[in-house]
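Here are some short exercises to work through with the viewer open. Try each task before you read its solution.

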Amino acid sequence: DFEDHRVQGEEWPKLKSSMPTGQMPVLEIDGKKYSQSLAIARYLAREYGMAGKTNTDQLLMDQIVDTVNDLINEMIKPVFEKDEARKAEMEKKLKEETMPRIFGTLNNFLEGNGGDYFVGTKLSLADVFFMDIVSRVVEKDPKALEKFPKLAANLKKTQSEPKIAAYLAKRPKTDL
């Protein structure tokens, strides 16, 4: 159980100074606030048995999460580009070079673990983080994973997990 509080733009200036790093997201436990999205995600994965069984599993999970995070960092760059021609170049490179390269790397990780899950034999943070980010890519470009059927199958499998499917059905829409 958790409370998903979405902060509206006009609320943010009043809240910012009360956040540990002056940014969101924040996880509050017993009145103490914690920040940094990946730190929160990794903590929750450990708390709820989604971080793998061994230190090596956790290393693999971190490797995959960080690879997906590399994709996020590349996806963000064009968003802040003011020059439209430069922005178009960045978006083209992202779609034609960066995404295929990163998806290829992720596909190799998935295949190296048998092709169903990224880590071990059950759902982990790696699968959920991949789903969260890449589902947004696929919403904008349905063909993004067509050369990577195992990644597409992992995405669908993760989205079909009953608790995840229920959450996705009611989650507020947000842009990446």
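**Exercise 1.** Is F118 buried or exposed?

*Solution.* Keep in mind that the model is a predicted one. Buried means a relative accessible area under 20%. F118 has a relative accessibility of 0%, so F118 counts as buried.

**Exercise 2.** Find the aromatic pairs, and classify the pair of F2 and Y167 by the angle between the ring planes.

*Solution.* Start with the total: there are three aromatic pairs. In one of them, the ring centres of F2 and Y167 are 6.2 Å apart and the planes stand at 55°. Planes under 30 degrees apart would be stacked and planes over 60 edge-to-face, so what remains is tilted. The F2 and Y167 pair is therefore tilted.

Next, place the two partners. F2 sits in the segment before helix 1 (12-16), while Y167 belongs to helix 7 (residues 162-170), so the pair links distant parts of the chain, 165 residues apart. Then look at accessibility: F2 is exposed, at 62% relative accessible area, whereas Y167 is partly exposed, at 26%.

Now turn to another pair, F118 and F130, with 5.3 Å from centre to centre and 65° between the planes; this pair is edge-to-face. F118 comes from the loop between helix 4 (84-112) and helix 5 (125-140), and F130 from helix 5, 12 residues apart. F130 is buried, with a relative accessible area of 0%.

**Exercise 3.** Which residues touch the most other members of the largest nonpolar core, and which helix gives the most to this core?

*Solution.* A general tendency helps here: in soluble globular proteins, nonpolar side chains tend to be buried together. The largest nonpolar core has 35 residues, and F103, L106, F118, F130 and L151 touch the most other members. At least two core residues come from each of helix 2 (37-47), helix 3 (55-79), helix 4, helix 5 and helix 6. Helix 5 gives the most, with eight residues.

To see this around one member, select L151. Setting aside neighbours within four places in sequence, L151 is in contact with F103, L106, N107, L110, F118, F130 and L145.

**Exercise 4.** Describe the surroundings of S135, T158 and L60, taking one residue at a time.

*Solution.* Begin with S135, which is in helix 5. At 8% relative accessibility, S135 is buried. A polar atom of the S135 side chain lies 3.2 Å from the backbone oxygen of D132. Beyond four places in sequence, S135 touches F130, L155 and Q159.

Move on to T158, found in helix 6 (residues 149-160). T158 has 1% relative accessibility and so counts as buried. Not counting residues up to four places away, T158 touches L123, D127, V128, M131 and I164.

Finish with L60 in helix 3. Its 23% relative accessibility makes L60 partly exposed. With residues up to four places away left out, L60 touches F118 and V119. The C-alpha atoms of L60 and G114 are 14 Å apart, with these positions 54 residues apart along the chain.

**Exercise 5.** Which residues does the UniProt annotation "domain: GST N-terminal" cover, and how far apart are the end C-alpha atoms of that span?

*Solution.* According to the UniProt record, an unreviewed entry, the annotation covers residues 1-52. The end C-alpha atoms of residues 1-52 are 22 Å apart. As for secondary structure, the span is 31% helix and 15% strand.

Terms used. Residues numbered from 1 in each chain as written. Predicted model: local features only at pLDDT ≥ 70, side-chain atom pairs only at ≥ 80, totals over all residues. Heavy atoms only, no water. Helix = DSSP H or I, 4+ residues; strand = E, 2+ residues; numbered from the N terminus. Buried < 20%, exposed > 50% of the residue type's maximum accessible area, 1.4 Å probe, protein only. Contact = heavy atoms within 4.5 Å. Phe/Tyr/Trp six-rings, centres within 6.5 Å; stacked < 30°, edge-to-face > 60°. UniProt positions renumbered as here; feature names shortened; annotations may be inferred. Core = buried A, V, L, I, M, F, W, Y, C linked by side-chain atoms within 4.5 Å. Polar contact = N/O pair within 3.5 Å; in protein donor to acceptor, adjacent residues only side chain to side chain.
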